[in-house]
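Please open the model in the viewer and keep the sequence panel visible. The tour below proceeds by selection, beginning with confidence and moving on to helix packing.

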Amino acid sequence: MKGTAILDKPGRSARALAVPDFDALLEAEQGALLRLARRLVWDGEEARDVVQAALVDAYEKRHALRDAKAGPAWLRRILVSRAVSHLRRRRVWRTIREALDFGGEREPSPEEHFAGAERWRALGRSVRALPAQQATAFSLRYLEGLDLDAVAEAMGIGRGTVRIHLYRALKKLKAVEALEGDTP
């Protein structure tokens with residue numbers, strides 16, 4: 001991706017974002033990243049773990065960030081990548097547990113009992129059942145409120161591909177009656 005504010009450009013001086021600027025970026029975006037992670041993985045503790053791992057990744061790659069304005073989108077992209085990897089691993093372990101009959105899922109946390117009504121939990125289960133790309137696109141667009149271009153940038157895919165993932169996610173969610181009517 002030549003010509004972006006994030007990747008190294010040949011022939012330019014290695015002028016990375018200053019450490020205080022990077023720290024300020026992390027501090028400003030940490031709350032939004034946690035909200036996004038909660039909507040992607042649907043579990044408070046796992047969301048904190050995903051955010052922590054994403055922040056570690058961002059810290060290790062901080063020298064590649066050249067423009068503070070690109071910072072929030074860059075952090076979201078790292079977080080989405082970490083969350084998708086987490087969801088894939090979680091599905092693999094769920095399959096292994098079921099195959100070996102290690103028992104059912106864990107009990108929901110008290111936060112989950114308090115935070116959501118039955119409808120919200122049903123939507124969460126339905127979104128978790130979606131393929132990772134569809135779930136991510138749905139969460140970013142309809143739960144996080146990003147526009148299509150921001151979703152495409154965060155996921156590292158084209159706008160048309162985002163629209164396809166959204167269409168398929170909405171179709172599946174309506175089929176299992178997790179969404180009613182014309183929404184979203």
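pLDDT is the predictor's confidence in each residue, on a scale from 0 to 100. Colour the chain by this value, since the model is predicted. The protein chain has a mean pLDDT of 78, with 71% of its residues at 70 or more.

Select residues 1-14 next. Here pLDDT stays under 50, and the model has 18 contacts beyond four places in sequence for this stretch. Where pLDDT is low, the predicted coordinates should not be read in detail.

Now compare two elements. Helix 2 (residues 44-60) has the highest mean pLDDT among the elements of the chain, at 91, whereas helix 4 (residues 110-115) has the lowest, at 54.

Proceed to helix 6 (residues 132-143) together with helix 8 (residues 159-175). Their axes lie 8 Å apart and the packing angle is about 95°, which means that helix 6 is roughly perpendicular to helix 8. To view the contact, display Q133, Q134, A137, F138, R141 and Y142 from helix 6, with H165, L166, R168, A169, L170, K172 and L173 from helix 8 opposite them. Seven of the residues in this contact are nonpolar, three are polar and three are charged.

Keep helix 8 selected and add helix 7 (residues 148-155). This pair packs at about 100°, with 9 Å between the axes; helix 7 is therefore roughly perpendicular to helix 8. Which residues of helix 7 meet helix 8? They are L148, D149, V151 and A152, and their partners in helix 8 are R159, V162, R163 and L166. By class, this contact comprises five nonpolar and three charged residues, with no polar ones.

Definitions and conventions:
Residues numbered from 1 in each chain as written. Predicted model: local features only at pLDDT ≥ 70, side-chain atom pairs only at ≥ 80, totals over all residues. Heavy atoms only, no water. Axes fitted to C-alpha atoms, helices over the stretch in contact; angles between N-to-C directions. Helix = DSSP H or I, 4+ residues; strand = E, 2+ residues; numbered from the N terminus. Parallel < 35°, antiparallel > 145°, perpendicular 65-115°, else oblique. Contact = heavy atoms within 4.5 Å. Nonpolar A, V, L, I, M, F, W, Y, C, P; charged D, E, K, R; others polar.
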